[in-house]
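Colleague: I am new to this one. Could you show it to me and walk me through it?

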Amino acid sequence: MQRDTNLQAGSYTLGLDAPVREVASPDDDGVIGDSGFEPLRVAYHTMPLEAVLDAVVRSAEVRLRPLARGTGLVVLRTGWGGELRAATAGAEHLEPLQSATAGGPAFEAIAGKRPVVVADLDGEQRWQELTSAARRAGIAAILAVPLDAEPIGSALTFYLVGRPRSGLLGELRPVVDDASLVVANAVAFARHELVAAHLKEALESRDLIGQAKGVLMARRAMSSENAFAVLRDMSQRTNRKLRDVAQYLVENGELP
Amino acid sequence: MSTPQLQALMRETLGGAMQAAGLGADELWRGYVAVGGSELPGVVDDLLTGRQAIEPDQYDFLAQAINDHAVSLGNRGAVPYFHQLCGA
């Protein structure tokens, strides 16, 4: 399958004539975005999830340049365990310094469902490893904004070279709305793909077991229930998965 | 063993084995379908929580799914089948 990595981030001028955002929804191509301002256009249905998240952080950072020197994204509660992350080059060494155990602005933003601003890196005592590293990288402030992508927990972290000015959060709204839609849809799509793949595998296994039962029913003139019992008992006796017992029988014409 | 006692024993056996194997409801349902189970996820949930009685064949499908999961992790499938559970 050809992967479409086209990302039209475009430019974004903070607070200047940002048009009213219309409700964005996937169009026929599965692309999210609107035409009111330079949208985040990510074909999440044709891209690996990791590539989508990379596109989100790159796009978000482009819109905040030159104020942002690095952008990170953390995604929790995806439904398959663990967490997902993405970061632009300027944030690659900073993002690992915030985590579920060590904490960090993004995790606090997710937990509190509100933005977290670290405007004074020297004065912030909770995440000293992160703030020290940020300061060495020339960062003046950190801004973490939760995405609206429930039940997923996610947040963007912007590493800023200047102090966030008044009104910045409001100006960021379109960026956050875009990122929220893309992340929510991309994770949901990936989850559905995973479930579909698992179900396909389950149905193939079921079919194989059905074939094996058929072999036993024909050869031993037994019922379907009894054929299943034979396979089941062999599975237990040999500590093999039922599917493997069935496959052996179908391929070799005898039980393992 | 009375029917309510047997139902409780089946639920406890399956629930305990699921917990021990770290097997979630979604994964259990996929494994259950893979070995021949045909009930929907909500029905399986009802079976496990006691909102619906577990028939022996459904119990065996669920036991097999848990055992297959254990085997895939390199462990021994230790959940007894229905006839072993009730000593039949």
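**The sheet and its strands**

Modeller: Happily! Chain A holds an open sheet of five strands in the order 4-3-7-6-5, with antiparallel pairing. Two strands pair if DSSP finds at least two bridges between them; strands (E, at least two residues) and helices (H or I, at least four) are DSSP runs, numbered from the N terminus. This is a predicted model, in which local features need pLDDT of at least 70 and side-chain atom pairs count only at pLDDT 80 or more, while totals for chains, interfaces and linings use all residues. Residues are numbered from 1 along each chain as its sequence is written, chains are lettered from A and ligands numbered from 1 in the order in which they are written, and side-chain values use heavy atoms, leaving out hydrogens and water.

Colleague: Which strands of chain A stand at the edges of this sheet?

Modeller: Look for strands with a single partner strand, because one side of each is then left without a neighbour in the sheet. In chain A, those are strand 4 (84-87) and strand 5.

Colleague: Which strand of chain A forms a hairpin with strand 6?

Modeller: Six bridges join strand 6 of chain A to an antiparallel partner at residues 153-160. One bridge pairs A:V145 with A:L156. Six residues lie between the two strands of the hairpin, and the partner is strand 7 of chain A.

Colleague: On the strand 5 side, what is the bridge partner of A:V117?

Modeller: Strand 5 (residues 116-118) of chain A runs antiparallel to strand 6 of chain A, and three bridges join them. Within strand 6 of chain A, the partner of A:V117 is A:L143.

Colleague: Why is strand 6 of chain A largely enclosed by the rest of the structure?

Modeller: Buried means under 20% relative accessible area, with exposed over 50% and partly exposed in between (1.4 Å probe, protein chains only). On one side of strand 6, A:A141, A:L143 and A:V145 are buried, and on the other A:I142, A:A144 and A:P146 are too. Strand 6 (residues 141-146) of chain A is therefore largely enclosed, its buried residues numbering six of the six.

Colleague: At about what angle does helix 4 of chain A run to strand 6 of chain A?

Modeller: Helix 4 (residues 168-220) of chain A lies across strand 3 (68-76), strand 6 and strand 7 of chain A. Axes are lines fitted to C-alpha atoms, for helices over the stretch in contact (heavy atoms within 4.5 Å). Angles run from 0 to 180 degrees between N-to-C directions, and for helix 4 and strand 6 of chain A the value is about 50°.

Colleague: How many helices are there in chain B?

Modeller: Chain B has zero strands. From the N terminus on, its elements run α-α-α-α-α, so to speak plainly, the helix count of chain B is five.
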